[in-house]
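Notebook open, structure loaded. I'm jotting down what I look up as I go.

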Amino acid sequence: MDIAILFLLMGGLMVLSVPIGISIGIATVTSMMLFSNVPLVLIPQYCFTAIDSFPLLAIPYFTLAGNLMGGSGISKRIVHFAESLVGFITGGLAMVTVTACMFFAAISGSGPATVSAIGSFMIPQMKEKNYGGPFAAALTATAGSIGIIIPPSIPFVLYGVITGASVSEMFLSGIIPGIMIGIALMITSYFIAKKRNYPVAIERFSFTGVLKSLRYSIWALLVPVIIMGGIYGGIFTPTEAAVAGVMYALFIGIFVHKELTMAGFVKALRETITVNGAATFILGLSMSFATYLTIEQIPMRIGEWIVSVSDSKYVVLLLILGFLLIVGCFIDNLSSMIILTPIFLPVVQRYGIDTIHFGLFMTIALAIGFVTPPFGSNLFVASTVSREKIDVIAANAMIFVGAMLVVLLIVTFFPWFSMVLVNTIR
């Protein structure tokens, strides 16, 4: 009864468009008053304890770094370099879009930011070359989801804060799966382009052209090298790497590319404050929610129910994946991760599944929610950039979602892909 009321109340408030953080807080307070002797003073205590975290500082700094880089001329240089690498393949502009999203993912850590930065260049180009607005927007929206899988990743940082898992190991776990998703989207795009006779972006591959593009884009391409190299070289922590990313973006935008204006800087700050304010508010109340779940042993009871359905690890994983995919359609990935991690992590640990591996496939499953309505934040960004209707973009995105689902299943049931790099530093 207590579990049912807790989740029904929380879900009902969200359906009524009550902000997620407030919905979580009301549901937690109500359940504590009705079913528990736990003092309510624990709620504000755990709220402040949750946000009093040094690793959590990485979220606003990575967000700010991504926003600054979007206005520092880095995006168009990444697109230029990607074009020199894959523009000669059938459906060249589609290949360039996916490749550019993969490069920008290694900078921004955000799905919508990736769609906005790359889509503003590539969607108009694809429409001009008769790729079709719905196809261009759908591909960009889907490829943008790679932004939270290839490190640095804001959800990975949050997952590390929630579970105590190593953020550095989470970053490593996302490299191969992120590349796999990019390749899957490129293969899908190739066959669509072949069928629809989409043109190439450049006539043929040129090593000289790649070198020229590399010189033009070198400052932008150094960003992931500095961030990831600094982390794994022991120079700084993920949080310090995020700060370094901000400083580098300011240096590039002001002194090298000279494209970052005061208006662009203020816009980046405003967007960062908005995102971080919402995330911090949700995180604080969600940690109180998670504490209440633990005290009342709700994750254990839910786990026992799931195990009672089947004692097969693979069936349980499929049930969890299905649930994550459904939730991702309605709730953003950060909120979903905060709510669901304390529920499902104890379940998968019963089957010997590594905490890092679970965080990886959970992130991918929730990332698919970026392009599945009604929530689909990437769809809204792509719609704004392309001026195509959201329902049309969503329909065209389904074939790309199918490609992502294939990679999700492979990564989930074959942990080697997420753990091989992690095991090298353990």
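Charges came up first in my notes: the protein chain carries 19 positive and 16 negative side chains, and the centres of the two sets sit 15 Å apart. I counted Lys and Arg as positive and Asp and Glu as negative, leaving out His and the chain ends. Each charge was placed at NZ of Lys, CZ of Arg, CG of Asp or CD of Glu.

Note to self: this is a predicted model, so local features need pLDDT of at least 70 and side-chain atom pairs pLDDT 80 or more, while totals for chains, interfaces and linings use all residues. Numbering runs from 1 along each chain as its sequence is written, and side-chain values use heavy atoms, without hydrogens and water.

Next I checked the fold. I get 21 helices and zero strands for the protein chain (DSSP runs numbered from the N terminus: H or I of at least four residues for helices, E of at least two for strands). The radius of gyration is 21 Å, close to the 22 Å from the globule rule for 426 residues, so the chain is as compact as a globular protein of that length. That radius is over C-alpha atoms, and the rule is 2.2 Å times the number of residues to the power 0.38. The C-alpha box along the principal axes is roughly 70 × 45 × 45 Å.

Last, I looked up S383, which is in helix α19 (residues 377-386). S383 is buried, at 15% relative accessible area (buried is under 20%, with a 1.4 Å probe and protein chains only). Beyond its neighbours within four places in sequence, S383 contacts E388, K389, I390 and I393, contact being heavy atoms within 4.5 Å.

Notes
Buried means under 20% relative accessible area, exposed over 50%, partly exposed in between (1.4 Å probe, protein chains only).
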